[in-house]
Amino acid sequence: LKKAPYGNLSMFGMLMLKKRYFVLSADTLSYYHTDEEFMMDAEPLGTIQLDSFSTLTAVDGIDQWGLQLLIAGKDNAVYLQAGTRETRKLWQQKLRKVIVAKNRTANIV
């Protein structure tokens, strides 16, 4: 996936997309420069906490960059971009599953 800088969802921010290696663990999306960094147990470049306030929106119709995901939470917004429709679909399914579980938990409390 590629990631835009935090809070920079402008067209300029979209031009600054950087390829990152993402790992979803429980309700945290962590990202690294490369998969090798993850395999060597390096500290992630950053983490995105998914919570009951998170939303997931797919954005179609973007040219050569493929398809995008937008994850917005109560404390952050991040713009992610998948290279293919299949990759986006896989990430959507996994992230949506976490968000739905968080919403169920929040409604129980």
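# Why the terms fit: questions on a predicted model

Q: Why is D41 called exposed?
A: The relative accessible area of D41 is 71%, and a residue counts as buried under 20%, as exposed over 50% and as partly exposed in between (1.4 Å probe, protein chains only), so D41 is exposed. This is a predicted model, in which local features need pLDDT of at least 70 and side-chain atom pairs count only at pLDDT 80 or more, while totals for chains, interfaces and linings use all residues. Residues are numbered from 1 along each chain as its sequence is written, and side-chain values use heavy atoms, with hydrogens and water left out.

Q: What makes the phi of D41 worth noting?
A: Most residues other than glycine have a negative phi. The phi of D41, which is not a glycine, is positive, near 60 degrees, and D41 lies in the loop between α2 and β5 (46–49).

Q: Where does A26 lie, and what is the sign of its phi?
A: A26 is in the loop between β3 and β4 (28–32), and its phi is a positive value near 55 degrees in a residue other than glycine. The hairpin of these two strands has two residues between them. At 65% relative accessibility, A26 counts as exposed.

Q: How do you know that β3 and β4 pair?
A: Two strands pair if DSSP finds at least two bridges between them, and β3 and β4 are joined in the antiparallel sense over five bridges, so the condition is met. Among the details, S25 has T28 of β4 as its bridge partner. By the same rule β4 also pairs with β5, again in the antiparallel sense, over four bridges, and there Y31 stands opposite G46 in β5. The covered face of β5 holds G46 and I48, whereas T47 and Q49 make up the uncovered one.

Q: Why is the pair of Y21 and F38 called tilted?
A: Rings of Phe, Tyr and Trp (its six-membered ring) pair if their centres lie within 6.5 Å, and planes under 30 degrees apart count as stacked, over 60 as edge-to-face and the rest as tilted. By this rule there are four aromatic pairs. For Y21 and F38 the centres are 5.8 Å apart and the planes stand at 35 degrees, so the pair is tilted. Y21 is in strand β3 (residues 21–25) and F38 in helix α2 (residues 35–39), so the contact ties together parts that are 17 residues apart in sequence; helices (H or I, at least four residues) and strands (E, at least two) are DSSP runs, numbered from the N terminus. Y21, with a relative accessible area of 32%, is partly exposed, and F38, at 28% relative accessibility, is partly exposed as well.

Q: What kind of aromatic pair do F22 and Y31 form?
A: Their rings are 5.5 Å centre to centre with 35 degrees between the planes, and the pair is tilted. Both F22 and Y31 are buried. A separate grouping joins Y21, Y32 and F38 in one aromatic cluster.

Q: What makes a set of residues a nonpolar core, and which residues have the most contacts inside the largest one?
A: A nonpolar core is a set of buried Ala, Val, Leu, Ile, Met, Phe, Trp, Tyr and Cys residues joined through side-chain atoms within 4.5 Å. The largest has 15 residues, and those with the most contacts inside it are L1, F22, L29, I71, L80, W91 and L95. β4, β8 (77–82) and α3 each supply at least two residues of this core, and α3 gives the most, with four residues.

Q: Why is K94 called partly exposed?
A: The relative accessibility of K94 is 47%, so K94 counts as partly exposed. K94 is found in helix α3 (residues 85–108), and its C-alpha is 8.2 Å from that of L24, although the two residues are 70 apart in sequence.

Q: Which element of the chain has the lowest mean pLDDT, and which the highest?
A: pLDDT is the predictor's confidence in each residue, from 0 to 100. Helix α1 (residues 11–15) has the lowest mean, 53, and α2 the highest, 96. For the chain, the mean is 78, and 72% of its residues reach 70 or more.
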